[in-house]
Amino acid sequence: MKAVGFTEFGGPEVLEVLELPAPEAGPGEVRIRVHAATVNAIDALQRGGPGSPDAQPPFVPGMEAAGVVDRIGPGVNTDLRVGDPVMAIVLPNGSHGAYAEQVVVPVDSVVRAPDGATDAQAASLPMNGLTARLALDTLGLEPGQTVAITGAAGAVGGYAVQLAKADGLRVVADASEQDEALIKELGADVVLRRGAEYPNRVRAAIPDGVDGLVDAASLGALTARAVRDGGRVVTLRGFDGPGERGVVFEPIVVFRYARERARLDRLRQQVEEGRITLRVAKTLPAEQAAEAHRLLAAGGSRGRLILTF
């Protein structure tokens, strides 16, 4: 099968088309013929190294895929059938990643694609959507409480805004001037200018502070200022540290939800209900993966970059 990966760490130029053996679906697994895979920041981090000391090249990145079921492993109990359009979260390891024509995943990591969604749109949801869901679940807020969200124009942040509104929360989100209309369209109740001063702007708007915060922009310790005494901040890139006034920082990793099939399927339903918007910035053929990584590094994309196979 064709895959895109690298044999040495470095910049986008190390990405190349590889020919690898097609994986086989074992007990408890489903094989997907991949039509689209999302390019995410974590893919670039993996490409940059140093990676796990136990993994051996070639390395194939990619945590989100969409396509069709082409094989179901022995003894798998599932309502999925060969030929069904699906989306999946993929945990990359060595040559196992979503940037490939075929990928094998646990049956609990794959669900039907949303009705009416293209492969590119469906591929943009599993990892980013589950990360947003995990962030909000970790905060554990009740309907009517207030959550602040940084990085609201990004994939995780945008999903977090929409999922928080679906949960009945009041949302205070950040945005650049050019993104303000987009963030309001996603449903944010209050939109404040993004950047290092955002936590201070939150406090000016909400003097007692918000009940919790999802830090998708990695502002780190600065975010404590925006949160009420004893509140929580969920961080996505491992930031942890003592917070002022009893504010607790809670790092999360989406791996915790990689086999939460019911949650992934609920995201599918929320797309079909119009509660979640799938945003694709650009699709590129898999052979142009290096260019996709350059576009990702340049920033400014309001939607996902997708590789097609």
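**Exercise 1. Find the strand that holds Asp70, then describe its surroundings in this predicted model.**

Start with the secondary structure: Asp70 sits in strand E4, which covers residues 64-72. Next, look at solvent access. Is Asp70 buried, partly exposed or exposed? Its relative accessibility is 23%, and the buried class ends under 20%, so Asp70 counts as partly exposed. Now list the contacts, leaving out neighbours within four places in sequence: Asp70 touches Arg31, Ile32, Arg33, Val82 and Gln102. Finally, take one of these contacts and compare sequence with space. Asp70 and Ile32 are separated by 38 residues along the chain, yet their C-alpha atoms are 5.5 Å apart.

**Exercise 2. Work out how E1 pairs and where its side chains point.**

Begin with the partner: E1 is joined to strand E2 (residues 16-19) by 4 bridges, and the two run antiparallel. To fix the register, pick Lys2, which stands opposite Glu19 in E2. Then sort the residues of E1 (residues 2-5) by direction: Lys2 and Val4 point one way, Ala3 and Gly5 the other way. As a last step, check accessibility; all of them are buried.

**Exercise 3. Lay out the parallel sheet and place its helices.**

First write down the strand order. The open sheet has 6 strands, running E10-E9-E8-E11-E12-E13, with parallel pairing. Why is one side of E10 and of E13 left without a neighbour in the sheet? Strand E10 (190-193) and strand E13 (248-251) stand at the edges and each has a single partner strand, so one side of each stays unpaired in the sheet. Ignoring direction, neighbouring strands are turned by 20 degrees against each other on average.

Now zoom in on one pair. E8 and strand E11 (residues 210-215) run parallel and are joined by 4 bridges; Ala148 has Leu213 in E11 as its bridge partner.

Then add the helices. H3 packs on the sheet and touches E8, E11, strand E12 (227-235) and E13, its direction making about 155 degrees with that of E12. H4 also packs on the sheet, touching E8 and E9, and its direction makes about 165 degrees with that of E8.

**Exercise 4. Characterise the packing of H3 against H4.**

Take the geometry first: the axes are 8 Å apart and the packing angle is about 55 degrees. That angle makes H3 oblique to H4. For handedness, H3 passes H4 in a right-handed crossing. To finish, identify the residues that meet: among them are Asn128, Ala132 and Leu136 from H3, and Ala155, Tyr159 and Leu163 from H4.

**Exercise 5. Describe the largest nonpolar core.**

How many residues does the largest nonpolar core have? The count is 50, and Leu125, Val147, Ile149, Val161, Val171, Ile183 and Ile276 have the most contacts inside it. Next, ask which elements supply at least two residues each; they include strand E5 (85-89), helix H3 (126-139) and helix H4 (155-166). H3 gives the most, with 7 residues. For a closer view, choose Val161: beyond four places in sequence, its contacts include Ile149, Val171, Ala173 and Leu186. A second, separate core has 37 residues, including Leu18, Val30, Val39 and Ala289.

**Exercise 6. Locate the cis peptide bonds in the loop between H1 and E4.**

Check omega before each proline. The bond from Gly49 to Pro50 is cis, with omega near 0 degrees, and the bond from Pro57 to Pro58 is cis, with omega near 5 degrees. Now place them: Pro50 lies in the loop between helix H1 (41-48) and E4, and Pro58 is in the loop between H1 and E4 too.

Note on methods. Residues are numbered from 1 along each chain as its sequence is written. This is a predicted model: local features need pLDDT of at least 70, side-chain atom pairs count only at pLDDT 80 or more; totals for chains, interfaces and linings use all residues. Side-chain values use heavy atoms; hydrogens and water are left out. A nonpolar core is a set of buried Ala, Val, Leu, Ile, Met, Phe, Trp, Tyr and Cys residues joined through side-chain atoms within 4.5 Å. Buried means under 20% relative accessible area, exposed over 50%, partly exposed in between (1.4 Å probe, protein chains only). Contact means heavy atoms within 4.5 Å. Two strands pair if DSSP finds at least two bridges between them. Axes are lines fitted to C-alpha atoms, for helices over the stretch in contact, and angles run from 0 to 180 degrees between N-to-C directions. Angles under 35 degrees count as roughly parallel, over 145 as roughly antiparallel, 65 to 115 as roughly perpendicular and the rest as oblique. A crossing is left-handed if the near helix is turned anticlockwise from the far one by less than a right angle, and right-handed if clockwise.
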